[in-house]
Structures are given as structure tokens and as C-alpha cells.
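The following paragraphs lead the reader through selected features of a structure. They proceed from strand pairing to a pocket, a surface patch and ionic contacts.

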Amino acid sequence: MSPYIIETGGLTRSYGDICALKPLDLQVPEGEWLSVMGHSGSGKSTLMNLVGGLDRPTGGTLQVGGENLLALTEDGLARFRRNFVGIIFQQHHLVPYLTAIENVMMAQYFHSMPDEAEARHALERVGLGHRLKNRPGELSGGEQQRVCIARAIINSPKLLLGDEPTGNLDHKSTIMVMELLKELRGEERFTVIMVTHNQDVAAWGDRTIHLDDGMLVREERMNCQ
Amino acid sequence: MLFRLLKNSFLKRPKSVLLVFISIVMGASVATAFLGISGEISHKMALELRSYGANILLEPSAVEGGGFLREDDLPKIKTVFWKYNITGFTPYLFGVADFSANGKRERGIVSGTWFAKNLEVAGEEPSVQGVRGIAPWWDVQGGWPAGPDEAIVGAALAKRLGSAIGGHVEATVRGKQQRFQVVGIVTTGGYEEEQLFAPLITTQELLQLPGKVSRVQVSALTVPMDAFGMKNPAQMTKEEYEKWYCTAYVTSVAKNVEEVMAGSRAKPIWQIASAEGSLLKKLNSLMLLLTILALVASAMAVSTSLMASMAERSPEIALMKAIGADRYQISAIFIGETLIISVIGGMVGYLLGDQLAGIISRTVFNSTIASPFWLFPTAIISAFVVAFAGSVAPLRRALSIEPVRVLKG
Ligand SMILES: Nc1ncnc2c1ncn2[C@@H]1O[C@H](COP(=O)(O)OP(=O)(O)O)[C@@H](O)[C@H]1O
Ligand SMILES: [Mg+2]
């Protein structure tokens, strides 16, 4: 078995003439926290979507968790996403008419079986034990993002993807969310890939890669961690 | 969970759900109403058509009966299996007679019949049988015979004899004489205009054939012949024969009547029976077509409103896909919603449609109808058909949503 949870070779994604991601070779060891930085339009989301099985590359190879994503069908990718990946978006994307706990249970439902006690426990872990029955509109931005985290980790994913999860949060909420993620990773030992604009947020990771115009231009290892 | 998803998704979009619901109710109620009254319409239509003449003719079979049927057997026609389908019958006894009136002599047919006979059969509703009932198109000037020596004369014969209402006609058969008072002149456009119609009993005496009848015309409500009805009953299996006997084909009703009339052979009068059958068939297909059109229109309305709500729903569907819902799970949500709306829509549609059928039948036919037991399942099934047919395109749209495109950022 490869020591890498993610392995890409010449991974490409183009939209017609636009090359959103130029041939990329990337290896992510299991358990690593990888930060992805770059200007707007540099291909960060494109990379996340490919790795998370939400999008298909136009070239190259892509192995995630030993699975060749190029070989999977539409439903195979859906299964891969629910079993293997937890996703946190910048715009929380919670279902507005479901309560916090129902939003978490929905992920359980698509994965296997809703389990209210487990969903409650997940929300308690992100510090929302008192907000179970509130709908997203009644929660602050930071709280909504924590519901998203609870939803992302509920099925014990091996890979947690965050596409600018703190992009809409103030400083205090950002710190809270990052600390929460760090704590959860300590317990669950999932691999994290996090897109961010913020140097401080990137610094929470083990390694940072910089994309520019769809190309990996720089890579740095954090030694302070 | 699915239930919670559905409940909340309904509550979230009451307008769009209501629109879909109304479309389904419309489809189901129109289908219910149409199908509910189609039986009624067919029945009324068949009754109307009965006025074009008898559709079964009973004659003595060549082998037995000595050329005549027995008048005493006639009441048995009211006791047969298909008695409720028999709307009327009348016997005839024919004989050649020499008529004389106003000094003119003419040879012609004397025809004894029932005009409007009160028939009482033990155990059955009393009824009135005779020519007046089964041949309503006869145009009689003057009146109908009431007494034993009253007669109506065919227009052509009356002309030749110079007979007029109130006059007399002398009929002579093999030396036996009978004097009839002419109470009416009948115009039919057919062979009847050459005959003199007198009460059966008087004619039997004149012809010296007591209790005898030459033929019987029977008017019966029947169902259109189909391929099965055309099969030869003699070659049917027991089950097939049973089914054939219990279907009101003109042939099986004829068979039924034949069995009670000693020495008779019953045959459908095909030009009447088949014209009637094809008319009824056309009417039924027309009703079916209208029903299908109504259902198609509702399905299109359902499709349109579901499509319209798709724009609003696509982020939610994209999200479900992003967190791992596959096509079956997305479909399950859609089908679940559709199922709930269509069950409720079907029930409401049934209630409305049943009312509608009642109103139509009251205003158009002046009658009330009892809705048949199959109307409820029919309403539910039409609601399903409408809902599912209307969901196909929106569901395909939902399944084709690409989460990355919708969940940008
Ligand atoms: N669906 C699409 N169609 C065409 N071009 C796209 C599409 N999605 C992204 N792109 C292009 O790909 C490039 C990278 O986009 P993205 O990965 O979203 O950047 P980032 O997340 O780093 O801001 C951009 O130039 C963007 O315009
Ligand atoms: Mg982006």
C-alpha cells in the first residue's frame, strides 16, 4: 500500500481553453494537514473538487485512499464521497429548513442510518449542544460553520476538505473553528486539506502549497508545529 | 429521516407544493368524473339506441314447434337471467287475409300483436309490453287499439282500401270473418305500412290459431361484440361458456331468451345490433380519450410546476449530492414527495370527481348515479399516473445537477 492517501500524477482540469489546473503531481501522506493558498482563480477549488470526487479531471491520474477516482461511476463517486470525504464549504450550505441536528442527520441518512444520539454527540463536540433545534438562519456564521464541521465528521471520514471554511468568519470565530478542527483531528486522525487566503490559517497546517494560475509554484513545510 | 426531509420540504415550499397538488387533484377528479359517468352515458345511450328497434328476433325453429311459438311462454321472457337487460318485447302472429272496406277488396297481411299489454308475472315487477314500447318510431295518426275489435292500418293499405280513422275494415280468412274498427293509421316507412295490426287474441281467433305466435321481437340492452363474443359458444370450454353467458352480448341474451321459448330460435338482428355496438364502442373510446387528455394535461401542469421549483431546490439537491447522495437516494426523495402528494391528491380528486359526476349526471341526464366501487382505486391510480408522468422530466433535471457548478465558492 502506498503511504500516501492522495497521489496525483499530471492531474489536469481544463474548461475548454481555460486550464484551471495544470499538470500537477501531488502526494499527501495519511494524516497530514495540507494548506492550499493562492490568488482567486488560481485553481484551489478545482483541486479540492477533484480530490473530493465532486469533479472529474480532464487528464492525469488521481488516487484517493487507494481508489482510482477516474474509474468510478457517478454513483461510485457519490459512495466515495459519503464514505471517505467530509466537506466544509465557505458558504456553509446547510439546508435552511432543517434544524442543526437534522442537517447532521441528513449526512447520516445518505451514508447509512440516521442516529439522533450520535448526531447530538457530534454537535456537542463542536460546542453546539444547546443549539440542536435551531435552524441555520438562527445561528451565527461561526455556529453555522461548526454545524458544517459536525456534519463533515459525522461519518468518520478519512479525508476532511475545507474550501475557505473561515473565509466568512471574524478573527475570533476563525480561531475557534481552527482549534476545533485541530482537536478533532487529534481524536479522529483524518487527513486535512484546507484552502485559505489567510497566512495565519495556513500556518495551522503541516505543509502549505501555493498555486498560481493552476500551477504549483511553491511549497513550504511548517516547522513550528 | 426521509419523512422529516419530506415534511420540511413541503412546509418550506407551500406554493409550489400546492400547485402540484392542485394539478393532480384536477387530473384525478376529471378522470374520476369522466369514468364515473361514462358507464351512465353508455347506459343512457344504449337505452336511446333501443328506440331504433328490436335487436333480437325469435322465430320457430325449423325442426320443432310446428311453425309457431306458444303465447303462454312469453311471460317467461321476464324471468330469464338477463331479464333486467330486456327493455321490451312483443309477439306477432301473421296471416294472409282478404280485406274489404268501402266496397274495395284487397289481399294483405293481418298482424296480431300486443300494443301495450299489462304483463304480470309472479315474482317479477309488473310491466307493459308491446309494440308501443319497442317501436317508438311508429308514427300513428289517431289512436292505438284498446278494444279487441279495434285495429290500426298501415298507411299504404289504408290508402288502397280508402280507409280513414273511424271507418271499418272487414277481414276474411278461410271463411271466418272479423270486422275491425280503424282507430289509427300507421306510418313507419317500412313493410308495416302494408299490414293491419290487430290485438293478438282477435287475430288468433280469426286465423284459428289459438295461443299461437309467429315470431317475437325482443329489445335488449347489450354490450358491443368483441373478439371473444364472436367465438362459437358450441366450441367453448366450460369456463369460457360461463363467461360468455354472463356477458350481455346480443348473442348470449338471445340464447337466454331462446331457452325459455319452446321450439324457438333466437337470432340477433345484426344491422341494429352491430350499428349499436359500434356506436357504443366509439362513445367509450371518446370518453377514454377525453380522460387521457385530461390526465396528460394535468401531468404537464405537474411537470411545469415541479420544473419551476427546481431552480429554488437545486442548491439543496447539489448539497445532498456533495455530501454523498447517489441517484437512488435523490430519486427516493422525489418519489416520496410525489407519492405523498398523489395519494392525498387522489383522495381529494376522488371526492371532487364523484361530486362532479353527480352534478353532470343530474344536469345532463336528470338522474343520480351510484359511483362504482372501482372508481376510488381509479382515482388514486390516475393521481399516481399524473404525478409520476409529471415527475419524470423534473427528476431527470434533478439528477443532472452538478454540485460543483451550484456550490461555487
Ligand atoms: N465551471 C467552470 N467553467 C469555466 N471555468 C471555470 C469553471 N470553474 C472554474 N473555472 C475557472 O477555473 C479557474 C480556477 O477556478 P477555481 O478553482 O474556482 O479558483 P479558486 O478557487 O482558486 O479561486 C478560474 O479561472 C475559473 O474561472
Ligand atoms: Mg475557490
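In chain B of this predicted model, Ala171(B) stands opposite Gln178(B), a residue of strand E10(B). The strand that pairs with E10(B) here is E9 of chain B, residues 168-173; the two run in the antiparallel sense over six bridges. E9(B) and E10(B) together form a hairpin with two residues between them. Within that turn, Arg174(B) has a positive phi of about 45 degrees.

Strand E10(B), which covers residues 176-187, has further pairings. With strand E7 of chain B, residues 139-142, the pairing is antiparallel and extends over four bridges. One position in E7(B) can be followed directly: Gly142(B) stands opposite Gly184(B) in E10(B). Strand E8 of chain B, residues 150-154, is joined to E10(B) by five bridges, and these two strands run parallel. Here Gly154(B) has Val186(B) of E10(B) as its bridge partner.

Chain A offers an open sheet of four strands, arranged in the order E2-E1-E4-E5 with antiparallel pairing. Its edge strands are E2 and E5 of chain A, the latter spanning residues 67-68, and each of them pairs on one side only. Inside this order, E1(A) is connected to strand E4 of chain A, residues 59-64, by five bridges in an antiparallel arrangement. Ile6(A) has Val64(A) as its bridge partner in E4(A).

Strands E1 and E2 of chain A also take part in the largest pocket, which holds about 660 Å³ of space. Its lining comprises 31 residues, and those closest to the pocket centre are Tyr15(A), Ser45(A), Thr46(A), Asn49(A) and Lys408(B). Which elements give two or more residues to this lining? From chain A they are strand E1 (4-15), strand E2 (18-29), helix H1 (44-51) and strand E7 (159-163), and from chain B helix H12 (403-406). The greatest contribution is that of H1(A), with five residues. By residue class, the lining divides into twelve nonpolar, ten polar and nine charged residues.

Attention may now turn to the surface of chain B. Leu286(B), Leu289(B), Leu290(B) and Leu293(B) make a nonpolar surface patch of about 360 Å². Of these, Leu293(B) has its place in helix H9 of chain B, which runs over residues 270-322.

Ionic contacts complete the description. Side chains of opposite charge can pair when their charged atoms come close. Over all chains, the count comes to 26 salt bridges, where a side-chain nitrogen of Lys or Arg must lie within 4 Å of a carboxyl oxygen of Asp or Glu. One of them is formed by Arg221(A) and Glu32(A), whose closest N and O atoms are 4.0 Å apart. This pair links distant parts of the chain, with the two positions 189 residues apart in numbering. Arg221(A) belongs to strand E10 of chain A, residues 215-221, whereas Glu32(A) lies in the loop between E2 and strand E3 (33-38) of chain A.

Conventions
Residues are numbered from 1 along each chain as its sequence is written. Chains are lettered from A and ligands numbered from 1 in the order in which they are written. This is a predicted model: local features need pLDDT of at least 70, side-chain atom pairs count only at pLDDT 80 or more; totals for chains, interfaces and linings use all residues. Side-chain values use heavy atoms; hydrogens and water are left out. On a 1 Å grid over the protein atoms alone, a cavity is a set of points where a 1.4 Å probe fits but cannot get out, and a pocket is an open set with protein on both sides within 12 Å along at least five of seven lines; lining residues have an atom within 4 Å of a point. Grid points are joined across faces, edges and corners, and a volume is the space filled by probe spheres set on the points. Ala, Val, Leu, Ile, Met, Phe, Trp, Tyr, Cys and Pro count as nonpolar, Asp, Glu, Lys and Arg as charged, and the others, Gly among them, as polar. Patches are made of residues with over 30% relative accessible area and no salt bridge: like charges are joined within 9 Å, nonpolar side chains (Val, Leu, Ile, Met, Phe, Trp, Tyr) within 5 Å. Accessible areas come from the Shrake-Rupley method with a 1.4 Å probe; for residues, only the protein chains shown count as cover. Two strands pair if DSSP finds at least two bridges between them.
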